[in-house]
Amino acid sequence: MNSELIKFSDVTIGYGKKPIIEGISFSINENDFLGIVGPNGSGKTTLLKTLLGNLKPIKGDIVKDKIQFGYVPQRDVVQPLLPYSVYDVVMMGRYSLMGILGKPQKYDVDIVNECLKHVGIEELRNQSYNSLSGGQRQRTLIARALAVQPQILILDEPTNGMDTPSHYSLLDLITQLHDESKLTVIIVSHLLTDVANIINRLMLLEKNHFQVGNIEEILSEDNLKKTYSSDFTVAKINNEYLISSRRKN
Amino acid sequence: MEVIHQLFEIFPYAVLGSIIAGFICAFLGVFVVSQRAVFLGASLTQASVAGVAFSFLHLINLEGYLAKIFNVDIEHNTFFHNFEPAFFSLAFAIICVLIFSQTYRQKYLTQDGVLGTMFVIAIALRIIFIQKSPVAEVSEIESILKGDILFIGATQFYTLLAITIITFLVFLIFQKQLKFVTFDPDTAMAHGINSRFWLLIFYLFVGMGISLTTRFVGDVFAFAYLIIPSSIGILLGKKISQVFFISALVGSVVPPISIYFAFILDFSSGPTAVALVFIVFLITYLAKKIFT
């Protein structure tokens, strides 16, 4: 059994005093690969903000002792107007570890270079972030999250708006980070088919209701109907999940 | 050459002050424009003008209190004599910034909505304050409120210089934090940097810079130099250092040239500075369109 990194006990999340989901209890263990999936407006981003500590829970306890998160936001929340280089952006991942007045040291530069290599964009080092394609930008943001040397890597809708090759190549990279680098990974997506074949635990979120557990337990036609209020067919062929919407005749 | 010599002789602080005012606005403008918070500049300039108008009501005799504490004669001390308008201009801008900073990650209020509200409220307050002012004619106060580059004296120049140096040092010392929170506040927060605090520091310095520039050189100049030089820098700069360099260069070189043209053509200096920097922007934009 891997050690427990985060524990939610009867947590209510929301903005101000208005709850979005109540009674959330679950744990995140070392080397988990958790997918958080649900329709738009189900509270995925609110849960993520609460998990990261950016939003206080309305009720309940969250135990997480000095966890270092590596966070990859949705690409469109990053302002791309100024021509920061890829190196500059990845170096931002080291800032919180340098102290308030600290400057980047050789050690930080080495880590940044290593992270760029890890995600396969070392040749883009001096290019401006705002000149990159969607897939290259996402890899830059992942490199920045890795530069924190995190215990948990959190990705918010990482494949949103990407072309098909970049989409699958990014999912491969995320899987590789989990399998080979032994990182605990949490991936948030509104596309269930995106994450179902790479994760080992699944959280299905809908307004004021959630289910979490191993993917085999959670990914069922009944649970999907409860979450999305429509019918789905779930099949496993050659160890791959195929999920499709059932047409009403 | 003779005109330049004359200008330096008659308006030495105006020429030097215009360089400093243009520089500080252009420098802060890079962050403001890249944050897509241009309307913040408009709201802050109007809040500053409302603050100056408030000082004309003479509801609080700050100058009197200060003069008593420091035992000085207000009439013969330019700093204390000009203290109240600058103080209230700054105070109103800071109130504006504090309200705006609360909109960070607000679910129910949009930043644009808050800025728009502050903008019109500031204008309304300015009108009310001027109408109720016991000291002078409305038109006379309006012209004082607008500021003028040529009115920059030694006190205004040294105040602007001090604010510019302090702002520049703060941005240099805390560049890591300010760079990260203005680029991606959510991730900065997730990585352990208090985005709320550092954004507040950022906006406070923006507020301070804009309010004092507005007070001394006018709202039109301050707003224009906040946006146009930084837009030129963003258009031309391929690296972040180039963006700052080009913005600061345009911000500090164009205003003294404008004073020269205003002087020989008998134009008002503030609007001439705005028109000239817009021409530079237009040429840059067209050149970029044609040659790239």
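Here are some notes on a predicted model with chains A and B, for someone opening it for the first time.

1. **The sheet in chain A.** A good place to start is the open sheet of six strands in chain A, which runs in the order β5-β6-β7-β3-β8-β9 with mixed pairing. The edges are β5 (69–72) and β9 (209–214) of chain A; each has a single partner strand, so one side of each has no neighbour in the sheet. Ignoring direction, neighbouring strands are turned by 15 degrees against each other on average.

2. **Following the pairing inwards.** Try tracing the sheet from β3 of chain A (residues 33–37), which pairs in the parallel sense with β7 of chain A (residues 184–189) over five bridges. If you want a landmark there, G35(A) has I187(A) in β7(A) as its bridge partner. β3(A) also pairs with β8(A), again in the parallel sense, this time over four bridges. Here the landmark is I36(A), whose bridge partner in β8(A) is M203(A).

3. **Where the direction flips.** Which way do β8(A) and β9(A) run with respect to each other, parallel or antiparallel? They run antiparallel, and six bridges join them. M203(A) turns up again here, with V212(A) as its bridge partner in β9(A). Strand β8 of chain A (residues 201–206) is mostly covered, with five of its six residues buried.

4. **A helix on the sheet, and the loop after it.** Helix α4 of chain A (residues 134–147) packs on the sheet and touches β5 and β6 (152–156) of chain A. The direction of α4 makes about 170 degrees with that of β5(A). In the loop between α4 and β6 of chain A you will find P150(A). P150(A) counts as buried because it has 20 C-beta neighbours inside 10 Å. Setting aside neighbours within four places in sequence, P150(A) is in contact with Q68(A), F69(A), G70(A) and A145(A). The C-alpha atoms of P150(A) and Y71(A) are 8.8 Å apart, though 79 residues separate the two along the chain.

5. **A covered helix.** Helix α1 of chain A (residues 44–52) is also worth a click: seven of its nine residues are buried, so the helix is mostly covered. The buried ones are K44(A), T46(A), L47(A), L48(A), T50(A), L51(A) and L52(A). Next after α1(A) comes G53(A), with a positive phi near 90 degrees.

6. **Two backbone oddities to check.** D10(A) is not a glycine, yet has a positive phi of about 50 degrees. D10(A) lies in strand β1 of chain A (residues 4–15) and is exposed, with 12 other C-beta atoms within 10 Å. K182(A) is likewise not a glycine and has a positive phi, of about 55 degrees. The place to look for K182(A) is the loop between α5 (164–179) and β7 of chain A. Is K182(A) buried or exposed? With 10 C-beta neighbours inside 10 Å, K182(A) counts as exposed.

7. **Chain B.** Chain B has 15 helices and zero strands. The radius of gyration of chain B is 19 Å, close to the 19 Å that the globule rule gives for 292 residues, so chain B is as compact as a globular protein of that length. Along the principal axes, its C-alpha atoms fill a box of roughly 50 × 50 × 35 Å. Of its 292 residues, 47% count as buried. Among contacts in chain B with a separation of 6 or more, 76% come from residues 24 or more positions apart.

8. **Where the chains meet.** In all, 23 residues of chain A are in contact with 21 residues of chain B. On the chain A side, β5 and α2 (86–95) each supply at least two residues, and the largest share, four residues, comes from α2(A). By class, that side has 16 nonpolar, six polar and one charged residues.

9. **The largest nonpolar core.** This core has 147 residues, and those touching the most other members are V90(A), C115(A), A143(A), I154(A), F202(B) and Y225(B). Helix α2 of chain B (residues 12–34) gives the most to the core, with 15 residues. For a close look, take F202(B): leaving out neighbours within four places in sequence, F202(B) is in contact with F31(B), L178(B), V181(B) and T182(B).

Key:
Residues are numbered from 1 along each chain as its sequence is written. Chains are lettered from A and ligands numbered from 1 in the order in which they are written. This is a predicted model: local features need pLDDT of at least 70, side-chain atom pairs count only at pLDDT 80 or more; totals for chains, interfaces and linings use all residues. Two strands pair if DSSP finds at least two bridges between them. Axes are lines fitted to C-alpha atoms, for helices over the stretch in contact, and angles run from 0 to 180 degrees between N-to-C directions. Two residues are in contact if their C-beta atoms, placed from the backbone, lie within 7 Å. Ala, Val, Leu, Ile, Met, Phe, Trp, Tyr, Cys and Pro count as nonpolar, Asp, Glu, Lys and Arg as charged, and the others, Gly among them, as polar. A nonpolar core is a set of buried Ala, Val, Leu, Ile, Met, Phe, Trp, Tyr and Cys residues joined through C-beta atoms within 7 Å. The radius of gyration is taken over C-alpha atoms; the globule rule is 2.2 Å times the number of residues to the power 0.38.
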